[in-house]
Amino acid sequence: MVARPPVAVRVEPMTLDDLQAVHAIERASFAVPWPDDAYRNELLTNRLATYVVARAGDEVVGFAGLWVMVDEAHVTTFAVHPRWRRRGVGERLLLALVDLALTRSAREATLEVRLSNMPARRLYEKYGFRPVGIRARYYSDNGEDALIMTTDALASPLMRDRLARLREDLGDRPIDPDDLPSEADAGAYRG
């Protein structure tokens, strides 16, 4: 077998051409995915929304969405293909969302995450999100509670320093596709 060269991961605006890959990642990641037309409608009609994808080469390996309402940014969705998790893809997506929130003059960012989703919670905490409440029985598939998380002021020196340090730590390191787990090994977790 010939080794494949490492690939750079870049975050770009989501387009209608990305929807098939986004739906595949969504189905691999969530027990109850969004309806098939939801992203199309968001991209075409929701002026509050911005969606991005993470690409490794030409492959969409993750996606995320953000609504900015007045001065609050709300992360609406966030998923990385199971094979590409724990490779910095989620961090790149989260940095992109925070950058978008700052560009659109958001004061803070919020999100909901399953109480049981410890990998996601640790990622969000690393990037300055902290628990502020619970949405009881938020998830329709099993009635699990959602943890509400929010950031401090995005423009504060503390948050800017944190993001600069994390961005520097993350760097532009390419990912070696030969180091990815098999599809079977990667499919063990659904958020």
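The protein chain has 6 helices and 7 strands, and the model you are looking at is a predicted one. Read from the N terminus on, its elements run β-α-α-β-β-β-α-β-α-β-β-α-α. Of the 191 residues in the protein chain, 46% count as buried. Contacts between residues at least 6 apart in sequence are worth a look too: 66% of them join residues at least 24 apart.

## Two helices that cross

Let us start with helix H3 (residues 89-103) and helix H5 (residues 157-170), whose axes come within 11 Å and cross at roughly 145°. The crossing of H3 past H5 is left-handed. On the H3 side, the residues that take part are Glu91, Arg92, Leu95, Val98, Asp99 and Leu102, and they meet Arg160, Leu163, Arg167 and Leu170 of H5. Sorted by character, the residues of this contact comprise 5 nonpolar and 5 charged ones, with no polar residue.

Just ahead of H3 in the chain, the loop between strand E4 (72-80) and H3 holds arginine 85. Arginine 85 counts as partly exposed because its relative accessibility is 22%, and the cut-off for buried is under 20%. Its C-alpha lies 9.8 Å from that of proline 119, although the two residues are 34 apart in sequence.

## Salt bridges

Side chains of opposite charge can pair when their charged atoms come close. In this structure there are 11 salt bridges. Three of them are set out here, with the distance from N to O.

| Arg | Acidic partner | N to O distance |
|---|---|---|
| Arginine 107 | Glutamate 108 | 3.3 Å |
| Arginine 114 | Aspartate 141 | 2.8 Å |
| Arginine 130 | Aspartate 152 | 3.3 Å |

How far apart in sequence are the parts that arginine 114 and aspartate 141 tie together? Arginine 114 sits in strand E5 (residues 108-114), while aspartate 141 belongs to the loop between strand E6 (130-135) and strand E7 (146-150), so their salt bridge ties together parts 27 residues apart in sequence. Arginine 114 counts as buried because its relative accessibility is 10%. Aspartate 141, at 33%, counts as partly exposed.

The pair of aspartate 152 and arginine 130 can be read in a similar way. Here aspartate 152 comes from the loop between E7 and H5 and arginine 130 from strand E6, so parts 22 residues apart in sequence are tied together. Both partners are partly exposed: aspartate 152 has a relative accessibility of 36%, and arginine 130 has a relative accessible area of 37%.

Some salt bridges share partners, and in this way Arg10, Glu12, Asp18 and Arg55 are joined into one network.

What of arginine 107 and glutamate 108, whose side chains meet in a salt bridge: is each buried or partly exposed? Arginine 107 counts as partly exposed at 40% relative accessibility. Glutamate 108 counts as buried, since its relative accessibility is 17%, and the limit for that class is under 20%.

## Aromatic pairs

Turning to the rings, a search of the whole structure finds 7 aromatic pairs. One of them is formed by tryptophan 34 and tyrosine 51, an edge-to-face pair with 6.4 Å from centre to centre and 80° between the planes. This pair links distant parts of the chain, with tryptophan 34 in the loop between helix H1 (19-29) and helix H2 (38-45) and tyrosine 51 in strand E2 (residues 49-56), 17 residues apart. Tryptophan 34 is partly exposed, with a relative accessible area of 27%, whereas tyrosine 51 counts as buried at 4% relative accessibility.

Tyrosine 51 also pairs with tyrosine 39, again edge-to-face, at 5.8 Å centre to centre and 90° between the planes. Because tyrosine 39 lies in helix H2 and tyrosine 51 in strand E2, this pair ties together parts 12 residues apart in sequence. Tyrosine 39 counts as buried, with a relative accessibility of 1%.

Which residues make up the aromatic cluster? Trp34, Tyr39, Tyr51 and Phe63 form one cluster.

Methods: Residues are numbered from 1 along each chain as its sequence is written. This is a predicted model: local features need pLDDT of at least 70, side-chain atom pairs count only at pLDDT 80 or more; totals for chains, interfaces and linings use all residues. Side-chain values use heavy atoms; hydrogens and water are left out. Axes are lines fitted to C-alpha atoms, for helices over the stretch in contact, and angles run from 0 to 180 degrees between N-to-C directions. Helices (H or I, at least four residues) and strands (E, at least two) are DSSP runs, numbered from the N terminus. A crossing is left-handed if the near helix is turned anticlockwise from the far one by less than a right angle, and right-handed if clockwise. Contact means heavy atoms within 4.5 Å. Ala, Val, Leu, Ile, Met, Phe, Trp, Tyr, Cys and Pro count as nonpolar, Asp, Glu, Lys and Arg as charged, and the others, Gly among them, as polar. A salt bridge is a side-chain nitrogen of Lys or Arg within 4 Å of a carboxyl oxygen of Asp or Glu. Buried means under 20% relative accessible area, exposed over 50%, partly exposed in between (1.4 Å probe, protein chains only). Rings of Phe, Tyr and Trp (its six-membered ring) pair if their centres lie within 6.5 Å; planes under 30 degrees apart count as stacked, over 60 as edge-to-face and the rest as tilted.
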